[in-house]
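Here are a few exercises to try with the sequence and the 3D view side by side. Have a go at each task before you read its solution.

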Amino acid sequence: MSCIFCQIVAGKIPSEILYQDEEVLAFSDIHPIASTHLLIIPKRHIPSLTHLSEEDLPLMGHMVNIANQLARREGIAESGYRLVINCGKQGGQLVPHLHMHLIGGRRLTDELG
Ligand code: AMP
Ligand code: ZN
């Protein structure tokens with residue numbers, strides 16, 4: 001099992017887990033770029049956004065819902081936040097296991113890249 005996020009799911013690499021259920025895990029990003037920087041991932045290995053199938057759409061909706069709940073829990077629901085999914089090399093995806101960044105707690109730049 002070479003995927004770093006699958007190893008986090010399996011508990012083989014430590015992480016600061018903030019939420020989990022049967023399908024989804026959320027944990028703190030190891031190199032946060034803001035006071036809130038979490039990752040929300042499917043427990044099942046899906047390499048990237050481009051590998052999603054129609055059957056995965058409820059899972060994606062579930063992940064967005066969890067992100068919103070975590071934003072409320074982190075106290076940034078009112079001030080605002082950003083959900084980011086990098087996809088592929090030119091999209092800036094470094095870890096090849098689908099993940100959603102939840103970033104907030106400061107005024108983020110207007111640029112998206
Ligand atoms: P991306 O560039 O979208 O693939 O983002 C990958 C993210 O995973 C980066 O923000 C990293 O800081 C984060 N990351 C990498 N390894 C770990 C880890 N072991 N625990 C938590 N976050 C990690
Ligand atoms: Zn994986």
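**Exercise 1: the ligand and its surroundings**

How far from a nitrogen atom of ligand 1 does a backbone N or O atom of Ile 30 lie? Work that out, then look for other polar partners of the ligand.

Solution. Keep in mind that this is a predicted model.

- Step 1. Start at Ile 30: one of its backbone N or O atoms is 3.1 Å from a nitrogen atom of ligand 1.
- Step 2. Move on to Leu 94, where a backbone N or O atom sits 2.6 Å from an oxygen atom of ligand 1.
- Step 3. Now try a side chain: an N or O atom in that of His 99 is 2.8 Å from an oxygen atom of the ligand.
- Step 4. Ask how much of the ligand is covered: on its own, ligand 1 has 510 Å² of accessible area, and the protein covers 86% of that.
- Step 5. Zoom out to the whole surroundings, and you'll count 16 residues around ligand 1. The closest are Asp 29, Asn 86, Leu 94, His 99 and His 101.

**Exercise 2: one helix, two faces**

Find helix H2 and check its length, then say which of its residues are buried and what covers them.

Solution.

- Step 1. H2 takes in residues 57-74, which makes 18 residues. At 1.5 Å a residue the helix should span 26 Å, and its end C-alpha atoms are indeed 26 Å apart, so the two values agree.
- Step 2. Pick out the buried residues of H2: Leu 59, Met 60, Met 63, Ile 66, Ala 67, Leu 70 and Ala 71. Because they cover an arc of only 140° around the axis, they end up on the same side of H2.
- Step 3. Flip to the face turned away from that buried side, and you meet the exposed residues Pro 58 and Arg 72.
- Step 4. Look at what lies over the buried residues: the cover includes strands S1 (17-20), S2 (24-28), S3 (36-42), S4 (81-84) and S5 (100-104).
- Step 5. Walk off the end of the helix to Gly 75, which follows H2 and has a positive phi, near 80°.

**Exercise 3: buried, partly exposed or exposed?**

Sort Met 60, Thr 36, Leu 83 and Pro 32 by how open they are, and find some of their partners.

Solution. The cut-offs you need are under 20% relative accessible area for buried and over 50% for exposed, with partly exposed in between.

- Step 1. Met 60, in helix H2, has a relative accessible area of 11%, so it is buried. Beyond its neighbours in sequence within four places, Met 60 touches Leu 49, Leu 52, Ile 85, Leu 98 and Met 100.
- Step 2. Thr 36 belongs to strand S3 and counts as buried because its relative accessibility is 4%. Its side chain makes a polar contact of 2.9 Å with the side chain of Glu 74.
- Step 3. Leu 83 is in strand S4; its 33% makes it partly exposed. Val 64 is 19 residues away along the chain, yet the two C-alpha atoms are separated by 8.4 Å, and Val 64 is among the residues in contact with Leu 83.
- Step 4. Pro 32 sits in the loop between S2 and S3, and at 51% it is exposed. Pro 32 and Ile 103 are 71 residues apart in sequence, but their C-alpha atoms are 8.5 Å apart in space.

Definitions and conventions. Residues numbered from 1 in each chain as written. Chains lettered and ligands numbered in written order. Predicted model: local features only at pLDDT ≥ 70, side-chain atom pairs only at ≥ 80, totals over all residues. Heavy atoms only, no water. Helix = DSSP H or I, 4+ residues; strand = E, 2+ residues; numbered from the N terminus. Expected span 1.5 Å × (residues − 1). Buried < 20%, exposed > 50% of the residue type's maximum accessible area, 1.4 Å probe, protein only. Arc of directions from axis to C-beta. Contact = heavy atoms within 4.5 Å. Near = heavy atom within 4 Å. Polar contact = N/O pair within 3.5 Å; in protein donor to acceptor, adjacent residues only side chain to side chain. Areas by Shrake-Rupley, 256 points an atom, 1.4 Å probe, with all protein chains shown as cover.
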